[in-house]
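The exercises below are meant to be worked with the sequence and the structure side by side. Try each task before reading the solution that follows it.

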Amino acid sequence: MSAPANATVADVAAGDAIRSLDPSIRAVWAIKMAAFSMFLFLPALFYDLTHLFSPDSWLPFGVLSGTVLVGGVLYCVAWPRLRYRAWGFVLRPEELYMEHGVLQHVRTIVPLRRIQHVDVSQDLIEREFALGRLVVHTAGSRSSDVVIPGLPLSEAETIRDKIKRFILEDPLTEEPV
Amino acid sequence: MPPSSPAEPNSDGRQDPPPVPDRPADDAEADPTDAAEDAAATTLGAVREPQRLHPLTLLLRVGTSLPALVIILLPILRNPGSTENVTSLVLGALYGVFALPAILLQYWRFSYRITPKQIVIQSGVFNRKNRSIPIERVQNIQIERNLVARLFGIAKVKLETAGSTSTEGSLEYVHQDEARKIRQVVRSFQRDAEGSDAAAANADAEDAADRDTLLDMPLRRVLLSGAFRFSLLYLAVIFTVLELFNPEALVERVLRARGRMEWVSEIVFSHPALAILATVGAAIILGWLSGIGVHVARYYNFRLWLDGDKLRKRHGLFTVTEGTIPLDKVQALILRTNPFMRAFGWYELKVQTIGLDVEEQGHRVIAPFAGAERILELARQVRSVQLPESFTRVSRLTIRRRFIRYTAVLAALLLPAVYFWPAGWLHLGGVVLPWWGFGLVPFILGWAVLQYRNHMYASGEDGFYIRRGVLSHYLWILPVEKFHVFHATASIFQRRLGLKTLFVDTAGAATFEYPEVIDVPAAEADAQFDTLYRRFRRLYRGRVEAATGAPDTRLAPDERPHLPVDEAPE
């Protein structure tokens, strides 16, 4: 191998510093998770209320909905932070490197010349925060779309254009697959 | 309204290979598209005029729609003369009014033509579809002839391209000579596009290409290979038979034959264990026999040969399939065997492709059954394969992880059963039955050990080799130039033990059995991750340099696609 042996991890992780996402993505995630928690909390509350006066109630009032509420709040507060801390990515001359995942740590390299096309997408909540999501499509089967969430929209678009230019200007004219 | 008249004049012109041009009158607006192309289209075999399918298609389509009619008319057939038959009569009439003209219309509105640049298929009655497939995108032209098609001398042509998950265009049916001609014409256009005229000249005799036969399977070999297979197809047959014949009548008949069957039922009632054994035995024998049957039907007369830079194969007893695999579209090689086959030294070789035959899920068998030497020789024909001498095992901790995981799953299944087991149900040895399920735990341990022993990897200069599987042993050979995306993952449990999972994604990789290296020591996994990517990058840097004569200057620091803003936190 041409590269020195001590450059193993360093070579792929070095170069440009690994970047975080836009901090406001935490708020976006928190809102989405809050909506999800609500989805669980309302049925629990409904159950508690309907069994308020029944003599053979299974649990004392508020235990079920309270548990769900506390769990949901913790989830909404802690999880976005953890997820944000786990996310990092960097666009390098020939590849897109990223690492993410709270429970499951994932390191991914997407070689730029393997990218079939690039999208920037944005949902309703992300639009409020002017964030965009970079979606990179490859021909790989399990990683057919690789997503980087929570980039400032303009930045996501710049990255998209850079990747596009890289692909278009590739001197190798072979077919992608 | 069925305009049946235009269907008639076609029927004569279709039979002979140089098709007489006849165009459906309504497609005039779509035709003068490639006027410039027309000059070049005088090359041999260009079919500029839209062609219709073989008229026998009509007959076959009507034939395949008949079962629906039978179902509609079933009440009448059952008890003719009943007053309730009006609805099914009306339905039958509607069928006659709509379905048959629909078939006719579909046929009439379907046309295809082949120009040196593209294949154009127009179809649809109300919704016109005009699909054009660029010639150079066509990866595979598969000719399929099932039993009926063979009787009539017609064939189905499937056009497959990369990037689509299903067949891009299908001509169902054309005359068999026409099918062969289509393939030849498309091939020659592809070669023309590549500019290798010399190759085009000698390759027209490709159907007679006996010279480069790579694998020929005589019937004995196919039978032998079937003996190592197992199929549950017979279950389907049994159920179909039960559907067709009234099961009650069947039981009745068996009971009536009691005089002769007495001894059987006696044994069954007196020795239930024996009966179970006999049933299992019968199931195994039936499965084995139907395995042979399925295998012979599929691989009868299997032949694989090399045609320039493409592999071609032909096989099948009832349905004869002919397919092409361009060598440079092979994404990975997969060697498969099972413990029995391995004991006798037999292997199966598949290639992973993208956008090709959907039924085989992107994996195409190029050698159903051959010895190890032969298989490796074949693999080398496809790619330069340097099978590494030594494979690296994954971490031994994988046994622990797998054992704990499978035991947890078992417990999650059994404990609720223990809890909810009704008091009156079967108890064994003083405890309820589900407790005995934990008797499987030693077997789980054995399974985990087997999984560990069969899971290893090796990374060579030319590719990444992964072995995996207990009941089916797999060896994946992923060439460096076909690497796509690199992953190294560590779940929360793996992190406690310092392990990682390594996965190199390739195009068209299966989503179920895929080449993942599970539970590699973390440092090793990261090093391997980097090594694999660096090999990939070096290969392509070399190619860029070879193509342009200079290193890729876009990689210079100031040309790099840097991020626009670097004032981001951290």
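**Exercise 1. Establish how many helices and strands chain A has, and in what order they come.**

Solution. The model is predicted, and the count for chain A is 5 helices and 6 strands. Following the sequence from its start, the elements come in the pattern α-α-α-β-β-β-β-α-β-β-α. Buried residues account for 26% of the 177 residues in chain A. Among its contacts between residues at least 6 apart in sequence, 53% link residues at least 24 apart.

**Exercise 2. Compare the annotated segments of chain A with the secondary structure of the model.**

Solution. Begin with the "transmembrane region" annotation, which an unreviewed UniProt entry assigns to residues 27–46 and 58–78 of chain A. Residues 27–46 are 100% helix and 0% strand, and the C-alpha atoms at the two ends of this span lie 28 Å apart. For residues 58–78 the corresponding distance is 31 Å, with 76% helix and 0% strand. Next take the feature "domain: YdbS-like PH", which UniProt, again in an unreviewed entry, places at residues 84–163 of chain A. That span is 24% helix and 50% strand, and its end C-alpha atoms are 24 Å apart.

**Exercise 3. Describe how chain A is divided into domains, and which elements supply the side of domain 1 that touches domain 2.**

Solution. The division gives domain 1, made of residues 10–20 together with 88–170, and domain 2, made of residues 24–82. Taken over C-alpha atoms, the centres of the two domains of chain A are separated by 34 Å. Across the boundary, 7 residues of domain 1 of chain A are in contact with 7 residues of domain 2 of chain A. On the domain 1 side, helix H4 (124–128) and strand E6 (145–152) of chain A each contribute at least two residues. Sorted by class, this side of domain 1 comprises 5 nonpolar, 1 polar and 1 charged residues.

**Exercise 4. Check whether the end-to-end distance of helix H4 of chain B agrees or disagrees with its number of residues, and then locate its kink.**

Solution. Helix H4 of chain B runs over residues 86–108 and so has 23 residues, which at 1.5 Å a residue should span 33 Å. The distance between its end C-alpha atoms is 33 Å, in agreement with that expectation. H4(B) nevertheless has a kink of about 30°, centred on Tyr95(B). The buried residues of this helix are Leu104(B), Tyr107(B) and Trp108(B).

**Exercise 5. Decide whether Val186(B) is buried or exposed, and find its contacts beyond its neighbours within four places in sequence.**

Solution. First locate the residue: Val186(B) sits in helix H6 of chain B, which covers residues 176–194. Then count its surroundings: Val186(B) has 22 C-beta neighbours inside 10 Å, and therefore counts as buried, since the cut-off for a buried residue is 20 or more. Once the neighbours within four places in sequence are left aside, its contacts are Ile114(B), Ile135(B), Val138(B) and Ile141(B). By contrast, Ile375(B) lies 189 residues away from Val186(B) in sequence and 31 Å away in space, from C-alpha to C-alpha.

**Exercise 6. Summarise chain B as a whole.**

Solution. Chain B has 18 helices and 23 strands. Of its 570 residues, 31% count as buried. Among the contacts in chain B with a separation of 6 or more, 59% come from residues 24 or more positions apart.

Note on methods:
Residues numbered from 1 in each chain as written. Chains lettered and ligands numbered in written order. Predicted model: local features only at pLDDT ≥ 70, side-chain atom pairs only at ≥ 80, totals over all residues. UniProt positions renumbered as here; feature names shortened; annotations may be inferred. Helix = DSSP H or I, 4+ residues; strand = E, 2+ residues; numbered from the N terminus. Buried ≥ 20, exposed ≤ 12 C-beta atoms within 10 Å, placed from the backbone. Contact = placed C-beta atoms within 7 Å. Domains from an automatic or database assignment. Nonpolar A, V, L, I, M, F, W, Y, C, P; charged D, E, K, R; others polar. Expected span 1.5 Å × (residues − 1). Bend = angle between axes of the 7 residues up to and from the residue.
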